[in-house]
Amino acid sequence: MITIPIEVSARHIHLSQPDLDLLFGFDYKLKPLKNISQTGQYAAEEKVALVNGNQKIDNIRVVGPTRPETQVELSLTEARRLGLEIPLAVSGNVAQATKLTVIGPQGQIDRHCAIIAQRHIHASLEDAKKYQLHDGQIVTVECGNQRAVVFRQVVVRVRADFVWNLHLDTDEANAAGLQGGETGLVII
Ligand SMILES: [Zn+2]
């Protein structure tokens with residue numbers, strides 16, 4: 001039996017350093033607020049707003065450190081709120097990402113950066129070996145109690161510094177009555 005801790009990823013943004021500078025000011029440094037489960041990653045104090053036409057979502061948390069490419073991760077509910085069609089993608093793949101406007105205190109940018117993150121498992125090399133999983137593998141995870149949901153199409157992501165966790169977005173977590181901190185059952 002393979003069990004996995006469940007974490008809920010709320011909407012957030014990863015910024016490139018050039019985009020961080022455009023939004024917050026030249027040579028800006030993010031202010032770490034709280035470490036998150038994946039090694040070296042943190043929720044920053046900084047927040048931005050997302051705009052499409054006359055639709056707007058405030059309080060989008062910046063997750064640091066900066067990355068090569070700016071990426072916004074939203075739920076399908078939030079995509080609808082913005083009136084946007086946003087593709088499902090594995091985090092890091094913004095090739096098909098939807099264009100929107102990001103607004104910070106010092107400026108704004110238009111970027112093809114919005115995705116709905118495909119639900120995924122983070123596994124270290126050791127985890128992958130132990131459970132006989134490989135990067136890109138698709139598995140199923142059973143989650144929840146009274147509102148139990150069987151999540152199919154969960155992609156396994158393997159990287160040396162990853163920490164063993166299932167990441168669901170807020171729509172997925174709400175559907176299964178999950179808050180994060182619960183445990184799921186991986187079915188290969
Ligand atoms: Zn993740």
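How many residues of domain 1 are in contact with residues of domain 2? The count is 13 from domain 1, touching twelve from domain 2. Keep in mind that everything in these close-ups comes from a predicted model.

**View 1. Two domains and where they meet.** The domain assignment splits the chain into domain 1 (10-117) and domain 2 (119-187). Measure from C-alpha centre to C-alpha centre and you get 23 Å between domain 1 and domain 2. The contacts across the boundary involve 13 residues on the domain 1 side and twelve on the domain 2 side.

**View 2. The largest pocket, about 730 Å³ in volume.** A set of 30 residues lines this pocket, and those closest to its centre are His12, His14, Ile36, Gln41 and Val63. Where does it sit? Domain 1 (10-117) and domain 2 (119-187) both give residues to the lining, so the pocket lies between them. Strands β1 (2-9), β2 (12-14), β5, β6 (71-73) and β10 (120-123) each put at least two residues into the lining, with β1 giving the most, three residues. If you're thinking about chemistry, the lining splits into eight nonpolar, 13 polar and nine charged residues.

**View 3. The largest cavity, with a volume of about 120 Å³.** Of its 17 lining residues, Ser9, Glu73, Ala117, Leu168 and Asp169 come closest to the centre. Two elements, β13 (165-169) and α4 (170-175), give two or more residues to the lining, and the largest share, three residues, belongs to β13. By class, that lining has four nonpolar, seven polar and six charged residues. This cavity lies between domain 1 (10-117) and domain 2 (119-187), because both give residues to its lining. A search of the whole structure turns up one cavity of 30 Å³ or more.

**View 4. The largest nonpolar core, zoomed in on Val102.** This core holds 26 residues, and Ile13, Val48, Leu50, Val72, Leu100 and Val102 have the most contacts inside it. At least two core residues come from each of α1 (17-24), β4 (42-52), β5 (55-64), β8 (98-103) and β9 (108-117). Which residues does Val102 touch, not counting those up to four places away in sequence? They are Ile13, Leu23, Val48, Ala49, Leu50, Gly107, Gln108, Ile109 and Cys113. Apart from the largest core lies another one, of 22 residues, and its members include Val158, Trp164, Leu166 and Leu178. As a bit of background, nonpolar side chains tend to be buried together in soluble globular proteins.

**View 5. Arg119, in the loop between β9 and β10.** Setting aside neighbours within four places in sequence, Arg119 is in contact with Phe151, Arg152, Gln153, Val154, Val155, His167, Leu168 and Glu172. One of those partners, Leu168, is also among the residues closest to the centre of the largest cavity. Ser9 is worth picking out here too: Arg119 and Ser9 are 110 residues apart along the chain, with 9.7 Å between their C-alpha atoms.

**View 6. Ala175 in helix α4.** Is Ala175 buried, partly exposed or exposed? Its relative accessibility is 40%, so Ala175 counts as partly exposed. Leaving out residues up to four places away in sequence, Ala175 touches Arg147 and Val149. With Val149, the separation is 26 residues in sequence and 7.5 Å in space, C-alpha to C-alpha.

Methods
Residues are numbered from 1 along each chain as its sequence is written. This is a predicted model: local features need pLDDT of at least 70, side-chain atom pairs count only at pLDDT 80 or more; totals for chains, interfaces and linings use all residues. Side-chain values use heavy atoms; hydrogens and water are left out. On a 1 Å grid over the protein atoms alone, a cavity is a set of points where a 1.4 Å probe fits but cannot get out, and a pocket is an open set with protein on both sides within 12 Å along at least five of seven lines; lining residues have an atom within 4 Å of a point. Grid points are joined across faces, edges and corners, and a volume is the space filled by probe spheres set on the points. Helices (H or I, at least four residues) and strands (E, at least two) are DSSP runs, numbered from the N terminus. Ala, Val, Leu, Ile, Met, Phe, Trp, Tyr, Cys and Pro count as nonpolar, Asp, Glu, Lys and Arg as charged, and the others, Gly among them, as polar. Domain bounds come from an automatic or database domain assignment. A nonpolar core is a set of buried Ala, Val, Leu, Ile, Met, Phe, Trp, Tyr and Cys residues joined through side-chain atoms within 4.5 Å. Buried means under 20% relative accessible area, exposed over 50%, partly exposed in between (1.4 Å probe, protein chains only). Contact means heavy atoms within 4.5 Å.
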